[in-house]
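The following paragraphs lead through the architecture of a single chain and then turn to its interior and its ligand shell. Please keep the sequence and the coordinates at hand while reading.

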Amino acid sequence: MQNRANPTTQRLEIWLTPTYKTTKASEVDTLLYMSSIPSKVVGGSTYLTVDVLPYLDGERAVRVQEAELLAQVKRHDQFNLVRIDDTGQSIALLNYPEFVDDPFPSLQESWRVDLSCSTVSYRTYADSLNPPILHRKELLLQPDDPRREAYAELTRTAESIGLFDDPRRIGYQRQWLALIREKGYRIEGHSLVPIGNDESLEDGEADLAPLHADWEASRHLTALVRYGFSAPVQSLARYGFFDGSHRLFDYGCGRGDDVRGLSENGLSATGWDPYFAPDNTISSADIVNLGFVINVIEDFDERVEALTRAWSLAERVLVVSVMLENQNDPRGQRFRDGVMTLRGTFQKYFTQSGIKTFLEQVLDEEPIPVAPGVLYLFRDKDMEQRFLMDRYHRSCIASPVTSTKSFPTILSRLPLRRHWKGSSYSTCQVMGLCRASLFRRWRKTDWPSINLH
Ligand SMILES: C[S@@+](CC[C@H](N)C(=O)[O-])C[C@H]1O[C@@H](n2cnc3c(N)ncnc32)[C@H](O)[C@@H]1O
C-alpha cells in the first residue's frame with residue numbers, strides 16, 4: 001500500500017478533507033491513525049472499502065473479522081464497505097453493488113453488528129424507492145487508483161454548484177437527484193452536465209430532418225420550460241451577484257423563465273429572444289447572460305455574431321453557457337461541427353476547453369470557467385479581481401480554513417511550510433493561504449484555546 005510511510009502528507013490530506021471539520025478532539029487519534037488508510041469520516045464513523053481491510057491494525061482487523069463471523073457474511077462477496085463507529089464496538093458491513101459504476105452509489109443491504117452484545121441486525125434497501133447514497137468516493141480509494149481523479153473531479157463540481165451546502169438534502173437518492181436538477185444539472189456517467197436544452201423526443205415525434213447544406217435549425221424548439229433557475233443564473237446567485245446592485249440582461253432568453261424568476265425576486269432583469277421575445281428592447285446591463293444560445297446556432301458566423309453582440313452589451317460581466325459533450329448526446333446526423341437532431345434542432349457540443357478557446361479567440365478576453373459549461377468574461381477588471389479573490393477565499397478559507405481550526409489543537413501550533421513540502425502545487429498554495437489567513441485571524445496566544453466547533 002502506497003503512502004503509508006508519509007504520515008505528514010496523509011495528515012495534510014485529512015486536514016483538507018471536508019469531513020474532518022466536524023471532528024471532535026477525542027476522535028483525533030483514531031483519525032490520525034486512520035488517515036494512513038483511504039477512508040471517509042462521517043459523524044464520527046469511519047468508512048472503508050474491503051480492499052483496505054488488510055491494512056487495518058490488529059485490534060480493528062480482529063473486530064471486523066468478528067463482525068463478519070457474527071453476521072455470517074463474506075467480504076467482497078456480500079459486502080464491499082465497512083463502517084466502524086468511534087468506539088470500535090459497532091460495525092456495519094455495507095453492500096453497495098454499483099460502487100464503481102454509479103457516481104453516487106446506493107446502499108442495497110447492511111448488517112449492523114454490535115460487538116458489545118454480539119447482536120446483528122440486517123436491513124435491505126433492494127426494493128427501496130429512496131435508498132441512502134454515498135458521496136465522495138475518491139476518499140475511499142488508494143492515492144494511485146486511476147479512478148480517483150474522475151471521482152474527485154465530480155466532487156469538486158458538486159461542491160462548486162452548491163450540492164453539499166445543505167447536508168440534510170444529500171443523504172438519500174430522491175432528494176439528492178431533485179437537488180441536482182434544482183441546481184440546473186443532471187448526471188452523465190461521473191459528470192454533472194448543465195441542463196441547457198430540451199432535446200427530449202417522444203418516439204415518432206419527428207422525422208429525420210433533410211440533410212442539405214443550407215438546412216436551418218428550429219432553434220426555438222431548444223428552449224426549455226424551466227421550473228428553476230438555469231445553471232448560469234444559479235452560479236451568479238452563488239457568487240453574490242444578486243445583491244440588488246446589478247442589472248441583468250438575458251440575451252436569447254428563450255421562454256423567459258430566468259428573467260421572470262429574477263424579477264419576481266425584486267431584481268432588475270430583462271431579456272430578448274429572436275423567437276420568444278423579438279419585440280423586447282435589446283439593452284446593455286451590468287450582467288449579460290448568454291445561456292445555451294451559441295450551441296444551438298448551426299452557422300459559425302452567426303454564432304460569432306451572437307457572442308460579440310452579447311459581449312458588447314455587457315458593461316461588467318458576460319456569462320456564457322453551452323452544452324458539453326457527453327455519451328448521451330441526442331441521436332441525429334452530423335451537420336457541420338455539430339449534430340442535426342431528430343426534431344430539427346442543431347446542437348454543437350463543446351468540451352470545456354473548446355468553449356474556452358472559442359471565447360478567447362472571438363473576444364480576445366480570458367474567460368473564467370466557473371462550472372461545467374459555464375464561463376464568465378469580465379469587462380470590469382476590478383470586479384474580476386474581486387471575484388477571483390472572493391473565489392480563492394471561498395475555496396481556501398470557506399472549507400479548508402474551517403477545518404484548519406483543528407491545526408492548533410492537534411499540533412499546538414500552525415503547520416509549518418515543511419509539513420506540506422513535497423505536496424502538490426495546489427496543496428502548497430492552499431496551505432499557504434490557510435496559514436496566512438490564520439495569522440490574520442488569530443493571535444498566537446489564542447491558538448490553544450480555539451475550539452473545534
Ligand atoms: C436552449 S434555448 C436557451 C434559452 C434560455 N437562455 C435558457 O437558458 O433557458 C436557446 C435560445 O436561443 C435563442 N437563439 C437562437 N439564435 C439566437 C441568436 N442568434 N441570438 C440570440 N438568441 C438566439 C433561441 O430562440 C432559443 O430561445
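Two strands are taken to pair if DSSP finds at least two bridges between them. The model discussed here is predicted. By that criterion, β3 pairs with strand β4 (residues 90-95) in the antiparallel sense, over four bridges. Within this pairing, R83 has A92 of β4 as its bridge partner. The two strands form a hairpin with five residues between them, and G88 in this hairpin takes a positive phi near 80°. On the other strand pairing of β3 (residues 81-84), the partner is strand β2 (residues 45-49), again antiparallel and with four bridges. There, T49 is matched with L81 of β3.

These strands belong to a chain that has 13 helices and 17 strands. Of the 453 residues in the chain, 35% are buried. Contacts between residues at least 6 apart in sequence can be divided further by separation: 63% of them join residues at least 24 apart.

Further antiparallel pairs can be followed along the sequence. Strand β5 (residues 109-114) and β6 run antiparallel and are joined by six bridges. W111 stands opposite Y122 in β6. The hairpin of β5 and β6 has four residues between the strands, and S118 in it takes a positive phi near 55°. How many of the six residues of strand β6 (residues 119-124) are buried? The number is zero, so β6 lies largely in the open.

Strand β7 (residues 185-188) and strand β8 (residues 191-194) provide another antiparallel pair, with four bridges. Y185 has P194 in β8 as its bridge partner. Two residues lie between β7 and β8 in their hairpin, and G189 in the turn has a positive phi of about 60°.

Farther along the chain, three strands form an open sheet in the order β13-β14-β15, with antiparallel pairing. The edges are occupied by β13 (332-335) and β15 (346-347); each has a single partner strand, so one side of each is left without a neighbour in the sheet. The pairing of β13 with strand β14 (residues 338-341) extends over four bridges. In this pairing R334 stands opposite V339 in β14.

The interior may now be considered. The largest nonpolar core has 54 residues, and those with the most contacts inside it are V288, L290, L318 and V319. This core draws at least three residues from each of domain 2 (152-194) and domain 3 (219-384). Another core, of 25 residues, lies apart from it and includes L93, W111, V113 and L139. W111 is thus a member of that core as well as the residue opposite Y122 in the pairing with β6.

L290 gives a closer view of the 54-residue core. Its place is in strand β11 (residues 285-291). Why does L290 count as buried? The threshold is 20 or more other C-beta atoms within 10 Å, and L290 counts as buried because it has 26 C-beta neighbours inside that distance. Not counting residues up to four places away in sequence, L290 touches Y251, G252, L307, A310, L318, V319 and V320. L290 and L318 are 28 residues apart in sequence, while their C-alpha atoms are 7.4 Å apart in space.

Helix α6 (residues 231-238) can be set beside the open strand β6. Six of the eight residues of α6 are buried, so the helix is largely enclosed by the rest of the structure. The buried residues are A231, P232, V233, Q234, S235 and L236. After α6 comes G240, whose phi is positive, near 75°.

The ligand completes the picture. Which residues come nearest to the ligand? Of the 24 residues around it, T222, A223, G252, G254 and G291 come nearest. The shell divides into twelve nonpolar, eight polar and four charged residues; glycine is counted as polar in this division. One of the residues that come nearest, G252, is also among the residues that L290 touches. The ligand shell and the surroundings of L290 therefore share G252.

Technical notes: Residues are numbered from 1 along each chain as its sequence is written. This is a predicted model: local features need pLDDT of at least 70, side-chain atom pairs count only at pLDDT 80 or more; totals for chains, interfaces and linings use all residues. A residue is near a molecule or strand if its C-beta atom, placed from the backbone, lies within 6 Å of it. A residue is buried if 20 or more other C-beta atoms lie within 10 Å of its own, exposed if 12 or fewer, and partly exposed in between; C-beta atoms are placed from the backbone. Two residues are in contact if their C-beta atoms, placed from the backbone, lie within 7 Å. A nonpolar core is a set of buried Ala, Val, Leu, Ile, Met, Phe, Trp, Tyr and Cys residues joined through C-beta atoms within 7 Å. Domain bounds come from an automatic or database domain assignment.
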